[in-house]
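Biologist: I'm new to reading protein models. Could you pick one part of this one, look at it closely, and then show me what else is worth finding?

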Amino acid sequence: MQFSPLSNWKIKTGFPFIIAGPCAAETREQVWNTAEKIKPLGVHLFRSGIWKPRTRPDSFAGVGEEGLKWLSEIKKYFNLPVTVEVANREHTELALKYGIDVLWIGARTTVNPFLVQEIADTLKGVDVPVMIKNPIHPDLDLWIGAIERIYNAGLRDIIAIHRGFFTSEKTKYRNKPSWEIPIELRRRLPELPIITDASHICGKRDLLQGVSQKALDLGFDGLMLETHITPDKAWSDAEQQVTPDGLKKILQQLIIRQTSSNDPLFRASLEELRTSIDKLDEELITIIAERMQYAEKIGLFKKENNITIFQPERWNEIVETRTLSAKDKNLSPDIIAKIFELIHKESIRKQTEIMNSKEADGDTVI
Ligand code: PEP
Ligand code: MN
């Protein structure tokens, strides 16, 4: 798939690409006052929900079409492009009718291929940029599927928005970032711009700076930051929204790094360090292969002696000693435990294969 780079978009873009504005449009004054304060900060796109997908039916569900009028006024008066969330054909047609510059598909819509297809069908032959949030749960294929549906309708100005994932684990975030998922998306679709919606990842405003910085350090293209003139009084997502001044502080404190450097000295040193890593990785693979051979020998031995594959005491001992040793060497015990879990899983798979093999004991597998 070939996407247009952000720099080719009709609206003004830049690095980082900043989308800000309230979670939801509540009143004409609220969106107007917010836009007036954030326009001078260099925000590229003004966001505001008009139709809000709420978990419970008694929550504020958005002002609807009336809000589109307010946004088209903001667009004209402040010369600030605007974006709204659309979740079906009717929303999409109305947003286009009011000249909304960019559409976005929310996490609760990306999960539904019927709705994404309905939006894609409505957009056939229309030249409007579309931003597609990740689905609520960590399913990269579903996210890519939604991108493909919009792409197949002929649109090329597409952005993926990473807004984190629902998890039943206890984390400090509202939605777990699982950075490996947008990183894998970048590997699979290298030209697709990816923006981080730090607000819906964090759920609390004091976490925004760290997540925003991490997004830029990982090379993503920009940020979505919910901004409200009086966030504590917001009708939705109050805790994660910042004031225009709060937004200004976050943007001022961001450290912008280059994706590469032409400095020959830097490049030579980097190359040297990478060569050392390549060599160590090769050794690591050789050692893992050697370890697997021992695991296979043990598998055969267990089979001959009719002993079960999984020995919980041995596994506990491995986890305890390896994480202790990791701590000693200043490595994260959690990460080392995870690596050993994978290695152990593979040993068990190999030993199960040996256990179930029909061949005569003792003379084949190793
Ligand atoms: C939003 O951006 O306000 C929103 C509803 O987000 P999400 O679809 O990520 O939940
Ligand atoms: Mn919100």
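**A pair of strands and what lies beyond**

Modeller: Let's begin with strand β6 (residues 158–162), which runs parallel to β7 and is joined to β7 by three bridges. Please keep in mind that you are looking at a predicted model. To find the pairing on your screen, look for His162, which stands opposite Thr196 in β7.

Now stay with β7 (residues 194–197) and ask which of its sides are covered. Both faces are: Ile194 and Thr196 are buried on one side, and Ile195 and Asp197 are buried on the other. That every-other-residue pattern is worth remembering, because side chains in a regular strand alternate between the two faces of the sheet.

From β6, follow the chain into the loop that leads to α7 (180–188), where you will meet Ser178. The phi of Ser178 is near 40 degrees, a positive value although the residue is not a glycine. This is worth a pause because most residues other than glycine have a negative phi. Ser178 counts as buried because its relative accessibility, 12%, is under the 20% cut-off.

A second residue of this kind is Asp237, in the loop between β8 (222–226) and α10 (244–253). Its phi is near 50 degrees, again positive in a residue other than glycine. With a relative accessible area of 18%, Asp237 is under 20% too, so it is buried.

The backbone has another feature to find, in the segment before β1 (17–21), where Pro16 sits. The peptide bond that joins Phe15 and Pro16 is cis, with omega at about -10 degrees.

Next, look for ligand 1. Its surroundings include Cys23, Arg47, Lys52, Trp104, Lys133, Arg163 and Glu226. Sorted by class, the shell holds seven charged, three nonpolar and two polar residues. Where do oxygen atoms of ligand 1 meet polar atoms of the protein? One is 2.8 Å from a polar backbone atom of Ala107. A polar side-chain atom of Arg108 lies 3.0 Å from a ligand oxygen, and an N or O atom in the side chain of His200 is 3.3 Å from one. On its own, ligand 1 has 300 Å² of accessible area, and the protein covers 97% of that.

What about the nonpolar interior? The largest nonpolar core has 66 residues, and Phe46, Ile132, Trp143, Ile147, Ile150 and Leu185 touch the most other members. Helix α6 (residues 140–152) gives the most to this core, seven residues. Apart from it lies another core, of 13 residues, including Ile11, Leu45, Met224 and Trp104. You have already met Trp104 among the residues around ligand 1.

One last stop is Lys303, in helix α11 (residues 264–304). Is this lysine buried or exposed? Its relative accessibility is 16%, which is under 20%, so Lys303 counts as buried. A polar atom of the Lys303 side chain lies 3.2 Å from the backbone oxygen of Ile354.

Finally, zoom out. The protein has 13 helices and eight strands, and 45% of its 366 residues count as buried. Taken along the principal axes, the C-alpha atoms fill a box of roughly 80 × 50 × 40 Å. If you lose your way, go back to His162 and Thr196, the opposite residues where we started.

How values were computed. Residues are numbered from 1 along each chain as its sequence is written. Chains are lettered from A and ligands numbered from 1 in the order in which they are written. This is a predicted model: local features need pLDDT of at least 70, side-chain atom pairs count only at pLDDT 80 or more; totals for chains, interfaces and linings use all residues. Side-chain values use heavy atoms; hydrogens and water are left out. A residue is near a molecule or strand if one of its heavy atoms lies within 4 Å of it. A polar contact is a pair of N or O atoms within 3.5 Å; within protein, one must be able to donate a hydrogen and the other to accept it, and residues adjacent in sequence count only if both atoms are side-chain atoms. Accessible areas come from the Shrake-Rupley method with a 1.4 Å probe; for residues, only the protein chains shown count as cover. Ala, Val, Leu, Ile, Met, Phe, Trp, Tyr, Cys and Pro count as nonpolar, Asp, Glu, Lys and Arg as charged, and the others, Gly among them, as polar. A nonpolar core is a set of buried Ala, Val, Leu, Ile, Met, Phe, Trp, Tyr and Cys residues joined through side-chain atoms within 4.5 Å. Buried means under 20% relative accessible area, exposed over 50%, partly exposed in between (1.4 Å probe, protein chains only). Helices (H or I, at least four residues) and strands (E, at least two) are DSSP runs, numbered from the N terminus. Two strands pair if DSSP finds at least two bridges between them.
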